[in-house]
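Welcome, and please open your viewer for a short walk. We will go from one stop to the next, selecting as we go.

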Number of protein chains: 2
Amino acid sequence: MPEPIEFYFDFSSPYGYLAAQGIDALAARFGRTVAWRPFLLGAVFKLTGQRPLVEVPLKRDYMRRDLARSARLIGVPFVLPTPFPFAAIAAPRAFYWLADRDEGTARALARRLYAAAFGEGRDIAPAAVVVEEAARLGVDRDALSDALQDPEVKDRLRREVETAVARQVFGSPMIIVDGEPFWGHDRFDQVATWLERGGY
Amino acid sequence: MPEPIEFYFDFSSPYGYLAAQGIDALAARFGRTVAWRPFLLGAVFKLTGQRPLVEVPLKRDYMRRDLARSARLIGVPFVLPTPFPFAAIAAPRAFYWLADRDEGTARALARRLYAAAFGEGRDIAPAAVVVEEAARLGVDRDALSDALQDPEVKDRLRREVETAVARQVFGSPMIIVDGEPFWGHDRFDQVATWLERGGY
């Protein structure tokens, strides 16, 4: 049984949203599973001195166009939420807390939050929004609300971010196949070729 | 007769090198021609505050891996020259001077210089190297050497860079199809789909 493909993403990353639409199906075509690994891009940017794309003149306008166009191509709705960029910290904390209990529900929550942010333009930064979306999946509100304040849950995310940085994850999405990193939604074709040929 | 597809690139851009391998064939599949438009990425970076990829920690290491891997996939040699990054100014000046006389020779020179830099790892920044490569294509050494010092030739490149910036070209390669910009070698698939469907 091969290792899962690792899917690193930030909940505030629109290209992560696009990648999330297809990553499971792509892996399944090659009999593989996916480990979803949300992290905090902001923590990585501090190390690399990068700025969010939206703050770079010229690139910013292109990015909006490219995102809308790429979404049309794969047939999903797309809207850049306001405010953007935003820091999504409650979302990954909730994800890992849930994932330790029920991986499927954690992934369903990730999909819901991504759809809320980039499909409907909603602000998913507030913990209350994350709790509300989780509740719709049957998660206990109080338990999750408490968890989001729990130092152990905060530590869990901190460790995941440290692991991501140690693995040289500097962007979102980043897909790692058997140790080989692919950065960007636009590398899906290369990921597919890599899986098909077992490397190249 | 549709307008040519515009291919903006910097001679010091390794992703531009990769794109240069396939752009003419891609256009030809759809009965289109390509206008090659070298420019100076450094001039754009000054406006946008970007840094060369190679100066960004983490991203730098990934870039080397991604370039080598992408080159293997399309079956072309690849080596990052020393020094890198470098400023290639004589090359685009020579290109436009030649293009005004003989478009085919200008393009042949561009291919040669890209192959020298990223296929063989040679330093193509010196004007002498550009003149030498052009001479192999039958270009008169003295005429080109004089041209590279000619204020009008320098102005010509300056105007091309201004045009690129005015058209919001902020990266290399950038491919513009009927006004629609696509940034990056990894957007070839989207360019192909755009040409096939006439937009999406």
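Start by selecting Met174(B): across from this residue you will find Trp183(B), which belongs to strand 4 of chain B. Keep in mind as you look that this is a predicted model.

Now extend the selection to strand 3 of chain B, residues 174–177, and add strand 4 of chain B. The two pair in the antiparallel sense, with four bridges between them.

Next, bring in a helix from the other chain. Select helix 3 of chain A, residues 59–74, which packs on the sheet and touches strand 3 and strand 4 of chain B. Its direction makes about 95° with that of strand 4 of chain B. Then pick helix 5 of chain B, residues 103–119: this helix also packs on the sheet, touching strand 1 (5–9) and strand 2 of chain B. Here the angle with the direction of strand 2 of chain B is about 55°.

Time to show the whole sheet. In what order do its four strands lie? The order is 2-1-3-4 in chain B, in an open sheet with mixed pairing. Strand 2 (34–38) and strand 4 (180–183) of chain B each have a single partner strand, so one side of each is left without a neighbour in the sheet. From one strand to the next, the twist averages 20°.

Finally, display both chains. A rotation of 180°, with 0.0 Å of shift along its axis, superposes chain B on chain A with an RMSD of 0.0 Å. That is the relation of a two-fold axis. To find the axis from chain B, select Asp186(B), whose C-alpha is the nearest to it in that chain, at 3.0 Å.

Notes: Residues numbered from 1 in each chain as written. Chains lettered and ligands numbered in written order. Predicted model: local features only at pLDDT ≥ 70, side-chain atom pairs only at ≥ 80, totals over all residues. Heavy atoms only, no water. Pairing = 2+ DSSP bridges. Axes fitted to C-alpha atoms, helices over the stretch in contact; angles between N-to-C directions. Contact = heavy atoms within 4.5 Å. Least-squares fit on C-alpha atoms with pLDDT ≥ 70 in both.
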